[in-house]
Structures are given as C-alpha cells and as structure tokens.
Amino acid sequence: MSARRSLVWLGLTPEPEQELPAAVAALRSPAARRPPSALVTAERHRVERLVLRGTQRGWLRYLREVTDLVVRAAGSRTTDPRAALLAGEVVLDHHRMLIGLPGAGYDRTALQRRELERALARLRERPAPALVGPCEPWSTK
C-alpha cells in the first residue's frame with residue numbers, strides 16, 4: 001500500500017456532509033425543540049475536519065456514532081423521529097454505496113446497514129408527532 005492516503009471515499013456523495021450536522025445535533029439534544037446553533041456548528045466543524053483531514057476509517061467511525069444515535073432514537077418513544085429518519089437514511093445510503101469502492105468498507109459496515117434498516121422500519125411505523133404551537137423545524141438550513 002502506498003504511503004499516500006486514499007481519497008476515493010470522498011467521492012461517494014455530499015449528502016452526509018450537508019444533511020448530517022443538523023440532524024445529528026438534533027439527535028444529541030432530543031429534549032430541545034430545536035438543537036442549539038452552537039451544537040449544529042460544532043457538528044459541521046467536526047464533519048469538515050473529517051472530510052478535509054480525516055481518513056475513511058475515521059469517517060466510518062463517525063458514521064458508526066450516527067448509527068448508534070439513530071438506533072437509540074428508534075428505541076425511544078419520546079424522541080421526534082424526523083432527525084433520526086433523515087440521519088439513518090443518509091448513512092444507510094452512504095454505506096450501500098461503499099460496495100463500489102475498493103477496500104473493506106462495505107463489509108465493515110454490514111452490521112450497521114442491518115441495524116439502520118431495522119431502526120428505520122421502526123421509525124417509519126411511528127405516528128407523526130403532534131405539533132403544538134408554531135412549528136419550528138429542527139434543521140437550521
């Protein structure tokens with residue numbers, strides 16, 4: 001293997017970089033009606049650092065954390081499922097695309113794909129949350 005770091009994983013899709021920071025911030029602060037902007041900013045910086053200076057292995061570790069948050073949200077009846085659905089779908093799509101890349105990334109994420117598929121099925125079965133008062137989306141876009 002070359003001493004140069006492989007960058008092929010960066011070409012998969014931009015959705016995780018765009019969609020995950022706000023969704024992950026919402027999952028990390030489930031009691032908040034809307035995640036604190038400082039938490040969203042911190043997640044954006046973390047993703048940016050991973051993409052600009054990280055490795056595929058480090059990126060996959062981050063996505064493992066996101067998977068754990070989604071699975072935890074799927075098991076909770078008090079968490080609003082919208083952020084978990086978005087994060088879970090983005091990570092699942094990413095992990096499915098790994099099949100086209102060289103290396104063991106696809107095989108390494110097999111368990112996460114199964115966990116995400118089960119969690120997403122549970123989240124989709126939930127009734128939509130009742131809105132009380134003016135609706136404020138959790139996304140900061």
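Student: At what angle do helix H2 and helix H3 pack?
Tutor: Happy to help: this is a predicted model, where local features need pLDDT of at least 70, side-chain atom pairs count only at pLDDT 80 or more, and totals for chains, interfaces and linings use all residues. Residues are numbered from 1 along each chain as its sequence is written, and side-chain values use heavy atoms, leaving out hydrogens and water. H2 spans residues 37-53 and H3 spans residues 56-74 (helices are DSSP runs of H or I, at least four residues, numbered from the N terminus). Their axes (lines fitted to C-alpha atoms over the stretch in contact, with angles from 0 to 180 degrees between N-to-C directions) lie 9 Å apart, and the packing angle is about 150°.

Student: What does that make H2 relative to H3?
Tutor: Angles over 145 degrees count as roughly antiparallel, under 35 as roughly parallel, 65 to 115 as roughly perpendicular and the rest as oblique. The angle of about 150° therefore makes H2, relative to H3, roughly antiparallel.

Student: Which residues of H3 meet H2?
Tutor: From H2 come Glu 43, Arg 46, Val 47, Leu 50 and Val 51, with contact meaning heavy atoms within 4.5 Å. Their partners in H3 are Gly 58, Trp 59, Tyr 62 and Glu 65.

Student: How do the residues of the contact of H1 with H3 divide?
Tutor: H1 (residues 15-28) packs on H3 at about 45°, with the axes 11 Å apart, which means that H1 is oblique to H3. H1 brings Pro 16, Leu 20, Val 24, Leu 27 and Arg 28, while the H3 side includes Leu 63, Val 66 and Leu 69. Ala, Val, Leu, Ile, Met, Phe, Trp, Tyr, Cys and Pro count as nonpolar, Asp, Glu, Lys and Arg as charged, and the others, Gly among them, as polar. The split is eleven nonpolar, no polar and two charged.

Student: How many charged residues are in the contact of H3 with H4?
Tutor: The axes of H3 and H4 (residues 81-97) come within 9 Å and cross at roughly 140°, so H3 is oblique to H4. Among the residues that meet are Leu 60 and Thr 67 of H3 and Gly 88 and His 94 of H4. Nine are nonpolar and four polar, and the number of charged ones is no residue at all: none.

Student: Which ring does the charged end of Arg 113 sit over?
Tutor: A charge sits over a ring if NZ of Lys or CZ of Arg is within 6 Å of the ring centre and within 35 degrees of the ring normal. The charged end of Arg 113 is 3.7 Å from the centre of the ring of Tyr 106.

Conventions:
Helix = DSSP H or I, 4+ residues; strand = E, 2+ residues; numbered from the N terminus.
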